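This briefing is meant to be read beside the sequence and the coordinates. Please keep both in view while going through the points below.

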Amino acid sequence: MALVSAYEYSVVPDLPEELRPLLRIANNLWWTWNPDAVALFRRVDPELWEATHNPVQMFGTLKPRRLRELRTDDVFLSQLERVNAQLEEYLAHRSWYERIYGEELGCRIGYFSAEFGLHECLRIYAGGLGLLSGDHLKSTSDLGLPLVAVGLAYRVGNLQQYLNLDGWQQETFPENDFFNLPMTLERQPDGAPHRIEVELPDRKVIAQIWRVQVGRVPLYLLDTNLPENTPPDRDITEQLYGGDLDMRIKQEILLGIGGVRALAAMGKLPTVCHMNEGHSVFLAVERIRLLVQQGLSFAEAREAVVASNVFTTHTPVPAGNDVFAPEMIKRYFADYVPQLGITMDEFLDLGRLHPGTADEPFAVTVLALRLSSFANGVSKLHGEVSRRMWRPLWPSLPPDEVPITHITNGVHTRSWYADEIARLYDRYLGPKWAEDPVDQRVWQRVDRIPDSELWRARERLRGRMVAFARRRLAEQLRRRGAHRERILEAKEALDPEALTIGFARRFATYKRATLVARDLERLDRLLNNTDRPVQIIMAGKAHPKDEPGKQLIREIIRIGNDPRFRRRFVFLEDYDIHVARYLVQGCDVWLNTPRRPLEASGTSGMKTVMNGALHLSVLDGWWVEGYQGDNGWAIGAGEEYKDTEEQDRIESLLLAEILEDAVIPLFYRRGPDGLPRDWIAMMKASLRSLCPVFNTNRMVEEYVEKAYLPSAIAWKALAEQEFGRAREMARWRARIHEHWADVAVREVQSEKREQFKVGEDLPVRVVVDLGGLSPEDVAVELYYGPLNAARVVIDGRVVGMKPAEQVAGGQHRYVGAVPLLSSGRHGFLVRVRPHRAGTLRAAEPGLVAWG
């Protein structure tokens, strides 16, 4: 029998007046990327800090004697004053956004994500999506954007991994104690907690709001673990990615609809909303509902909302996108849809690739794409993959014109660099490398760093990582019940001077963790060469339901238990941000072996290169853009295979050859002074070319310029005069749909010659029947380019045509010319599409007339 407490109360740390600034610093996650603040916390109590990595919890357990010592320690108090002043200066500093854009737009951005990876003490993340979200917020804070973020306060977030004696992954799910974490409950002026409600079938669910302060940016987390809710509803925010589809849709309703209501309740309703993946897509319909309540029709409200929504997709395969059965949508939205002013069938069609298909599931990604004006993948290649994958939404457009672009991911520089590397950068690059990591000129100064100093820093980092790995290995073997000799052996595993390759990420089959170990005899020769030893450190978790992923981990453990490899091939359990920090800072080479094109972006390799490691990867995700030939290594040339077994065979051979012929010789080729000068030259080429590009400051600046600001401008224009422009746009779009069936290209005339010369123009005249539309409602264009063997235009370009005269009735003559830019067999087509100046929705699904 569970004894449920009848009384509840909160106990908070009680620090003397002199030490109160510690709590202020602790409750702003700015400290997670400020080494002076971390050093301050470590000095409070080194053992407690290592045990918790959580300053709030540490302060709540400090002994009174230690508090008395600290309040009379002048050196500590001076350090506390200095760090507190740094925080004050950071918050007051005039930011990049303020300097460039000011506040003239009155813009507020809402950033919604199902997970946020900010620090190991706050376990509300599972993997790469969460780490990307966390780094996004940190750079947003550094740049000073007017952004608020929304997520869910999971009692159980990131699973804790341990392995049994057989190497099979086991999981525990430790609960987050919100009252001992750097988060605070949001309260109204009268002291009562802020609460919101969302409707579920036959009931309402209440959620309270927690705030995590990330520098300048507030992150609001919704929590349903309240006595007013039923036990099943309290569990909505129990676990990240836990439960079945019913749990998933409840979490997504809470995140999207509840998230908007939470911001509205606190007076922080955004003008632009960014959906980081489709989990928060229902925010779009909630924004529409709020405008419908103000008197707009669904179509009018949709104009304003779509123009100000941004959507980022992270998934390169259709199976990775959430879909719900129509009956489930009807059950959860039966009372909600009438508030939108549309029918249930119309609502369901918003989430279908093929509207009107009654049995087609409701896809959240389709809904997000239909209700956003800006959509992007997270790397150049992923943008191409996404355009192919979602082209059925725009079947009349060429693949390269599907309106999904890309903004390549990055990492928050200050969160991931090692102190040893940072000191070198401060000394030789100047302070601007941290303040403005996007500045290419700063990173050109890496040649000023003496080779010897850079190499010694790398050796210290490798040695520190090896010491950490040994402690971790011994502890995990002890937990598994290994015998004493095996534990002692683990304490001497790895060599602090050997070439160290790291592989750490989620263990999914497409990431191919065992690719490097397909040929164990060859691996033996690679790792155990007495003159040129190599060692491999792996880490990562499989999803609790991913049996093939768990089998991969088991296979890695089996290899590591082979007496040939015990000291050279190790797996570290319970991969999290803390473990990642050691690995990305200490490894010499970061290995990445996904099956192209299944890696949307990947960011772990970006974290290693800023610390001086070199990247060795398949040309997938971000490495397609990063690889230049002299700054790392590529496995293959970007091939894609239909036969995955053949792909694995070929690429495992390529990987082994690269290691044997390039990586290992380069590392061990030493000069008279013992330095690997050629290796260091490649390190510097990597730093110069990759650091200024693959960081989240550059990424966030791109979002500002390409997505946030255009969306904010569109919202402002559409909202003026009580949304008069939105109403006008809705009327225009309705007229387009009403008359589009009558739009057709009737006549195309061009000069008939077999050959033309490069540099000429090919004049074209067309007659277009616009039905009941006018030339101001459409764009008539020439789509031209080289032809392939099937006479299909490839690498097409577009040039506009101009209206010349009205011919008869609704028919108009247009004139234009195709520029002949290169030799070869070419062709062109004529097309008509809806167009109205000032709209961000460049393509209407299905509305293109070709001729």
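The notes that follow take up a set of parallel strands, a buried loop residue, an antiparallel sheet and several salt bridges. The model is a predicted one, and the structure holds 67 salt bridges. Strand S16, residues 534-539, serves as the starting point, since 6 of its 6 residues are buried.

**Strand S16 and its parallel partners**

- Along S16 the side chains part into two sets, with Val534, Ile536 and Met538 pointing one way and Gln535, Ile537 and Ala539 the other way, and all of them are buried.
- S16 pairs with strand S15 (residues 499-504) in the parallel sense over 6 bridges, and within this pairing Ala539 is the bridge partner of Ala504.
- Between these two strands the chain passes through helix H23 (residues 520-527), going from S15 to S16 in a β-α-β crossover that is right-handed.
- S16 also pairs in the parallel sense with strand S17 (residues 569-572), here over 4 bridges, and the bridge partner of Met538 in S17 is Phe571.
- The connection onward is again a β-α-β unit, made by S16, helix H24 (residues 547-561) and S17, and this unit is right-handed.

**A buried serine in a loop**

- Ser280 is found in the loop that lies between strand S9 (272-276) and helix H11 (282-293).
- Because its relative accessibility is 1%, Ser280 counts as buried.
- When its neighbours within four places in sequence are left aside, Ser280 is in contact with Phe112, Leu255, Gly256 and Met275.

**An open antiparallel sheet**

- An open sheet is formed by 4 strands in the order S21-S22-S26-S25, with antiparallel pairing.
- Strand S21 (744-750) and strand S25 (802-808) stand at the edges and have a single partner strand each, so one side of each is left without a neighbour in the sheet.
- From one strand to the next, the twist averages 25°.
- S25 is joined by 5 bridges to strand S26 (residues 811-819), the two running antiparallel, and Gln806 stands opposite His812 in S26.

**Salt bridges**

- As general background, side chains of opposite charge can pair when their charged atoms come close.
- Arg261 and Glu199 meet through their side chains in a salt bridge of 2.9 Å, N to O; this pair links distant parts of the chain, with Arg261 in helix H10 (residues 245-265) and Glu199 in strand S6 (residues 195-200), 62 residues apart.
- In that pair, Arg261 is buried because its relative accessible area is 14%, whereas Glu199, with a relative accessible area of 31%, is partly exposed.
- Within helix H28 (residues 644-668), Glu646 and Arg649 lie 3 residues apart, about one turn of the helix, and their side chains meet in a salt bridge of 2.8 Å, N to O.
- Glu646 is partly exposed at a relative accessible area of 30%, and Arg649 is partly exposed at 39%.
- The side chains of Arg831 and Glu781 also meet in a salt bridge, at 2.8 Å, N to O; Arg831 lies in strand S27 (residues 826-834) and Glu781 in strand S23 (residues 778-786), so the pair ties together parts that are 50 residues apart in sequence.
- Arg831 is buried, with a relative accessible area of 3%, and Glu781 counts as buried at 8% relative accessibility.
- Elsewhere, Glu475, Arg478, Arg479, Arg480 and Glu573 are joined into one network by salt bridges that share partners.

Terms used. Residues numbered from 1 in each chain as written. Predicted model: local features only at pLDDT ≥ 70, side-chain atom pairs only at ≥ 80, totals over all residues. Heavy atoms only, no water. Buried < 20%, exposed > 50% of the residue type's maximum accessible area, 1.4 Å probe, protein only. Pairing = 2+ DSSP bridges. Right-handed = clockwise from strand over helix to strand, strands pointing away. Contact = heavy atoms within 4.5 Å. Axes fitted to C-alpha atoms, helices over the stretch in contact; angles between N-to-C directions. Salt bridge = Lys/Arg side-chain N within 4 Å of Asp/Glu carboxyl O.
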